[in-house]
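Me: Got a model open here. Can you walk me through it, starting with the terms you use?

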Amino acid sequence: MEIDVRGPRFGAALTTVVLVAVLLTGSGWLLLAQTAVFAVGAVAGVQRSPYGWVFRTLVRPRLGPPPATEDAAPPRFAQGVGLLFAALGTVGYLAGPRWLGLAATGCALAAAFLNTVFAYCLGCEMYLLLRRATSPAR
């Protein structure tokens with residue numbers, strides 16, 4: 001499935017804001033909500049995540065047609081990576097140790113920030129590297 005290239009970057013921007021708020025407030029419950037957003041994106045696809053819905057219904061109609069589309073698989077994989085770090089962070093904030101919450105949230109924030117500001121999806125690049133490493137040699 002092909003998706004608008006601007007959608008994942010929009011989602012990364014919202015994720016960046018949420019993760020900064022988590023680090024500023026230390027709220028494990030807010031990180032749990034972000035974990036749920038990542039889970040939907042990883043399981044159902046980025047286009048069906050809450051941030052994907054906001055982009056599709058409120059933002060994209062105001063932007064016009066997409067300049068390009070991309071395969072949804074790499075951003076979906078990236079959501080799974082975000083889910084892993086957010087889940088670890090949630091455990092750290094809610095059950096301890098707190099440093100785990102801070103470190104895992106910081107890692108997720110770094111990846112979301114790279115996508116937001118530089119359009120560089122770290123999880124997408126991991127997906128492509130794994131695909132190349134596991135594909136049969138030609």
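Reply: Buried means under 20% relative accessible area, exposed over 50%, and partly exposed in between (1.4 Å probe, protein chains only). This is a predicted model: local features need pLDDT of at least 70, side-chain atom pairs count only at pLDDT 80 or more, and totals for chains, interfaces and linings use all residues. Residues are numbered from 1 along each chain as its sequence is written, and side-chain values use heavy atoms, with hydrogens and water left out.

Me: OK. How many disulfides?

Reply: The count is 1 disulfide, where a disulfide is a pair of cysteine sulfur atoms within 2.5 Å. Cys121 is joined to Cys124, S to S 2.4 Å.

Me: Which hand does the link of Cys121 and Cys124 have?

Reply: Right-handed, with 70 degrees about the S-S bond.

Me: And are Cys121 and Cys124 buried or exposed?

Reply: Both Cys121 and Cys124 are buried.

Me: Why no bond for Cys107?

Reply: Because the closest cysteine sulfur, in Cys121, is 15 Å from the sulfur of Cys107, too far for a bond. Cys107 counts as partly exposed, at 43% relative accessibility.

Me: Switching to pockets. What volume does the largest pocket have?

Reply: About 860 Å³. Pockets come from a 1 Å grid over the protein atoms alone: each is an open set of points where a 1.4 Å probe fits, with protein on both sides within 12 Å along at least five of seven lines. Grid points are joined across faces, edges and corners, and the volume is the space filled by probe spheres set on the points.

Me: Which residues are closest to the centre of the largest pocket?

Reply: Pro8, Arg9, Pro75, Asn115 and Cys121, out of 45 that line the largest pocket. Lining residues have an atom within 4 Å of a point.

Me: Next, the largest nonpolar core. How many residues?

Reply: The largest nonpolar core has 11 residues, among them Val22, Phe38 and Tyr93. Such a core is a set of buried Ala, Val, Leu, Ile, Met, Phe, Trp, Tyr and Cys residues joined through side-chain atoms within 4.5 Å. H1, H2, H4 and H5 each supply at least two residues of this core. Helices (H or I, at least four residues) are DSSP runs, numbered from the N terminus.

Me: Any backbone oddities? Where is the cis peptide bond?

Reply: Between Gly96 and Pro97, with omega about -5 degrees. Pro97 is in the loop between H4 and H5.

Me: What about phi at Ala119?

Reply: Ala119 has a positive phi of about 55 degrees, although it is not a glycine. Most residues other than glycine have a negative phi. Ala119 sits in the loop between H5 and H6.
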